[in-house]
Amino acid sequence: MAIKSPSELNNFLGNSLPEDTMLQLLRARKKGMPFFVTPYYLSLLTIEKEGFDDATVRSYILYSKELVETYGNIRAWEREDQVEPGKPNAAG
């Protein structure tokens, strides 16, 4: 049981996500970035203007522009896995 799409998350949050956030999440989805919000993390989000600041939790759930732009371009793991006999790999 988890939220697996940006529109589903927005629905659970009373359609309170800004349009630019939704566009960012849709760009991430088109790039194949996984999206998964458990009920626990959903319960930590608020749509109220007053109360606690949930910005930290949102930063774990909602992708930054930078992350979406670089997703799929970083090949660190693949590079580390390339091993040539007698030579150190990227991990040392």
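**Questions on a predicted six-helix chain**

Biologist: Is Tyr41 buried, exposed or partly exposed?

Modeller: In this predicted model, Tyr41 has a relative accessible area of 37%. Buried means under 20%, exposed over 50%, and partly exposed in between (1.4 Å probe, protein chains only). Tyr41 is therefore classed as partly exposed.

Biologist: In which helix of the protein chain is confidence lowest?

Modeller: This is a predicted model, where local features need pLDDT of at least 70, side-chain atom pairs count only at pLDDT 80 or more, and totals for chains, interfaces and linings use all residues. Residues are numbered from 1 along each chain as its sequence is written, and side-chain values use heavy atoms, leaving out hydrogens and water. The protein chain averages a pLDDT (the predictor's confidence in each residue, from 0 to 100) of 84, and 85% of the residues score at least 70. Confidence is highest in α1, at 94, while the lowest mean, 56, belongs to residues 76-81, helix α6.

Biologist: How should the coordinates be read where pLDDT is low?

Modeller: The mean for helix α6 is 56. Where pLDDT is low, the predicted coordinates should not be read in detail.

Biologist: How many helices does the protein chain have?

Modeller: Helices (H or I, at least four residues) and strands (E, at least two) are DSSP runs, numbered from the N terminus. From that end, the elements run α-α-α-α-α-α. The protein chain has 0 strands, and its helices number 6.

Biologist: What share of the contacts between residues at least 6 apart joins residues at least 24 apart?

Modeller: Contact means heavy atoms within 4.5 Å. Of the 92 residues in the protein chain, 27% are buried. Among contacts between residues at least 6 apart in sequence, the share joining residues at least 24 apart is 61%.

Biologist: Which kind of aromatic pair do Phe35 and Tyr63 form?

Modeller: Rings of Phe, Tyr and Trp (its six-membered ring) pair if their centres lie within 6.5 Å; planes under 30 degrees apart count as stacked, over 60 as edge-to-face and the rest as tilted. By this rule there are 2 aromatic pairs. The ring centres of Phe35 and Tyr63 are 6.3 Å apart and their planes stand at 70 degrees, so this pair is edge-to-face.

Biologist: How many residues apart are Phe35 and Tyr63?

Modeller: Phe35, which is buried at 11% relative accessibility, lies in the loop between α2 (19-30) and α3 (39-43). Tyr63 lies in the loop between α4 (55-61) and α5 (65-70). The pair thus links distant parts of the chain, and its separation in residues is 28.

Biologist: What is the angle between the ring planes of Tyr40 and Tyr41?

Modeller: Tyr40 is exposed, with a relative accessible area of 53%. Its ring and that of Tyr41 form an edge-to-face pair, 5.4 Å centre to centre, with the planes at 80 degrees.

Biologist: Which residue forms a salt bridge with Arg58?

Modeller: A salt bridge is a side-chain nitrogen of Lys or Arg within 4 Å of a carboxyl oxygen of Asp or Glu, and the count comes to 2. The partner of Arg58 is found in the loop between α3 and α4, is buried at 8% relative accessibility, and touches Leu44, Leu45 and Thr46, not counting residues up to four places away in sequence. Arg58 is buried as well. At 2.9 Å, N to O, the partner is Asp54.

Biologist: Why are Lys65 and Glu69 separated by about one helical turn?

Modeller: The closest N and O atoms of the salt bridge between Lys65 and Glu69 are 3.9 Å apart. Glu69 is partly exposed, at 46% relative accessibility. The two are separated by about one helical turn because they lie 4 residues apart in helix α5.

Biologist: How far apart are the C-alpha atoms of Lys31 and Gly72?

Modeller: Lys31, in the loop between α2 and α3, is partly exposed, with a relative accessible area of 37%. Lys31 touches Val68, Glu69, Thr70 and Tyr71, not counting residues up to four places away in sequence. A polar atom of its side chain lies 3.3 Å from the backbone oxygen of Glu69. Although Lys31 and Gly72 are 41 residues apart along the chain, their C-alpha atoms are separated by 7.9 Å.

Biologist: Which residue other than glycine has a positive phi, near 55 degrees?

Modeller: Most residues other than glycine have a negative phi. The residue in question is found in the loop between α1 (6-12) and α2, and is exposed, with a relative accessible area of 55%. The residue with phi near 55 degrees is Asn15.

Key:
A polar contact is a pair of N or O atoms within 3.5 Å; within protein, one must be able to donate a hydrogen and the other to accept it, and residues adjacent in sequence count only if both atoms are side-chain atoms.
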